[in-house]
Amino acid sequence: MEILSTNRAYGGTQGFYAHRSVETGTNMRFSAYIPDHEAGQKLPVVWYLSGLTCTADNVTEKGEFRRACSELGLIFIAPDTSPRGDDVPDDDGYDFGQGAGFYVDASEAPWSENFRMRSYVESELPALIGPEFPMADMRRQAITGHSMGGHGALTIALRNPERFRSVSAFAPIVSPLHCPWGEKALGGYLGPDRASWRAYDACALIEDGARMPEILVDQGSADQFLDEQLKPHLLEQACQAADIPLTLSMRDGHDHSYYFISTFMEDHLRWHAERLA
């Protein structure tokens, strides 16, 4: 692992790091905020998955999480959203290809060689974090994310309930099976068999028996993608049918931007901290 940069902030260290990924076959970047701690102390880990077009930089620069993480003793890790590089396939659209990995393991050419973000986030990066950051308590993990990253957080947690004590999301794509973003991405990465898409759809996973103790979601009422792409009512229906407690807060006047995310980031971190204690 290569240390790209470190900066002091709010009684902790904000770092950017890079490593060669076996899963994606590319160099991958991520950020990690480590609060100050006593020697030998173990700190719980919160994963943050970013949305379309983003890198780890967006939340690191705009997410306003460090003060709360330092107070609560939370490590905050933000991976990239996709493999990148001149030799990595791409698409002209912002919602497919580089910057839009959708946290899936692609099975269709030419994407299948590099676009393995599910395995990268679920397996490879956590296996790196453990030895490289010995203060990280990998027995206490939570996950959250925004938009495409909210979709990633929900689906990864639902597939791995034994690993994550809590899951939340900001304006998530709750059902890629039922929105244009999801149909384009899952069709392109996984092919036309919609049955194979269900492992990457939070509502379908719940319908198929996946469970978490509870879910927290914040959604802006002025989000320009609310009705066509995000459709939080579908998650509400799925959770109600499965008897999963869902806290869905509609935030009046808020849009899809990091102004919205940063406003409620501390609320989410405190919610996770209670469950990671």
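A contact here means heavy atoms within 4.5 Å. Keep that in mind for the opening view: among contacts between residues at least 6 apart in sequence, 72% join residues at least 24 apart. One caution before you start clicking: this is a predicted model.

**Stop 1: the whole chain**

Show everything as a cartoon. You should find 9 helices and 9 strands. With a radius of gyration of 17 Å, close to the 19 Å that the globule rule gives for 277 residues, the protein is as compact as a globular protein of that length. If you like to think in boxes, the C-alpha atoms fill one of roughly 50 × 40 × 35 Å along the principal axes.

Now switch on the surface. About 11200 Å² is exposed, and carbon and sulfur atoms supply 46% of that area. Buried residues account for 58% of the 277 residues.

**Stop 2: the nonpolar core**

In soluble globular proteins, nonpolar side chains tend to be buried together. Here, the largest nonpolar core has 90 residues. Which of its members touch the most others? Select Phe30, Phe76 and Tyr189. Then color helix α9, residues 258-276: this helix gives the most to the core, with 8 residues.

Zoom in on Phe76 and show what surrounds it. Leaving out residues up to four places away in sequence, Phe76 touches Ser31, Ala32, Tyr33, Val46, Tyr48, Val59, Phe65, Cys69, Met265 and Leu269. Some of those neighbors deserve sticks of their own, as Tyr33, Tyr48, Phe65 and Phe76 form one aromatic cluster.

**Stop 3: aromatic pairs**

Stay with the rings for a while. The count comes to 14 aromatic pairs, and two of them make a good contrast.

Select Phe96 and Trp111 first. Their rings are edge-to-face, 4.7 Å centre to centre with 75 degrees between the planes. Both residues lie in the loop between β5 and α3, so the pair ties together parts that are 15 residues apart in sequence. Are they buried or exposed? Phe96 is buried, and Trp111 is too.

Next, pick Phe115 and Tyr189. This pair is stacked, at 5.4 Å centre to centre and 25 degrees between the planes. Phe115 lies in the loop between β5 and α3 while Tyr189 is in helix α5, so the pair ties together parts that are 74 residues apart in sequence. Phe115 counts as buried, at 0% relative accessibility, and Tyr189 is buried with a relative accessible area of 0%. You have met Tyr189 already, as one of the core residues that touch the most other members.

**Stop 4: salt bridges**

Time for some charge. Side chains of opposite charge can pair when their charged atoms come close. The structure holds 19 salt bridges, and three of them are on this tour.

Start with Lys184 and Asp95, whose side chains meet at 2.8 Å, N to O. What does this bridge link? Distant parts of the chain: Lys184 sits in helix α5 (residues 180-190) and Asp95 in the loop between β5 (75-79) and α3 (117-132), 89 residues apart. Asp95 is buried, because its relative accessible area of 11% is under the 20% cut-off. Lys184, at 36%, is partly exposed.

Move on to Arg116 and Asp105, a salt bridge at 3.6 Å, N to O. Both are in the loop between β5 and α3, 11 residues apart. Arg116 is partly exposed at 25% relative accessibility, whereas Asp105 is buried at 15%.

Back to helix α5 for the third one. Arg194 forms a salt bridge with Glu183, with the closest N and O atoms 4.0 Å apart. Glu183 is in helix α5 and Arg194 in the loop between α5 and α6 (202-207), 11 residues apart. Arg194 counts as partly exposed at 38% relative accessibility, and Glu183 counts as partly exposed at 38%.

Now add Glu23 to your selection. Salt bridges that share partners join Glu23, Asp105 and Arg116 into one network.

**Stop 5: out to Arg139**

Finish on strand β6, residues 136-145, where you will find Arg139. Why does Arg139 count as exposed? Its relative accessibility is 66%, and exposed means over 50%. Draw a distance from its C-alpha atom to that of Lys42: the two are 97 residues apart along the chain, and their C-alpha atoms are separated by 9.8 Å.

Methods: Residues numbered from 1 in each chain as written. Predicted model: local features only at pLDDT ≥ 70, side-chain atom pairs only at ≥ 80, totals over all residues. Heavy atoms only, no water. Helix = DSSP H or I, 4+ residues; strand = E, 2+ residues; numbered from the N terminus. Buried < 20%, exposed > 50% of the residue type's maximum accessible area, 1.4 Å probe, protein only. Core = buried A, V, L, I, M, F, W, Y, C linked by side-chain atoms within 4.5 Å. Rg over C-alpha atoms; globule rule 2.2 N^0.38 Å. Areas by Shrake-Rupley, 256 points an atom, 1.4 Å probe, with all protein chains shown as cover. Phe/Tyr/Trp six-rings, centres within 6.5 Å; stacked < 30°, edge-to-face > 60°.
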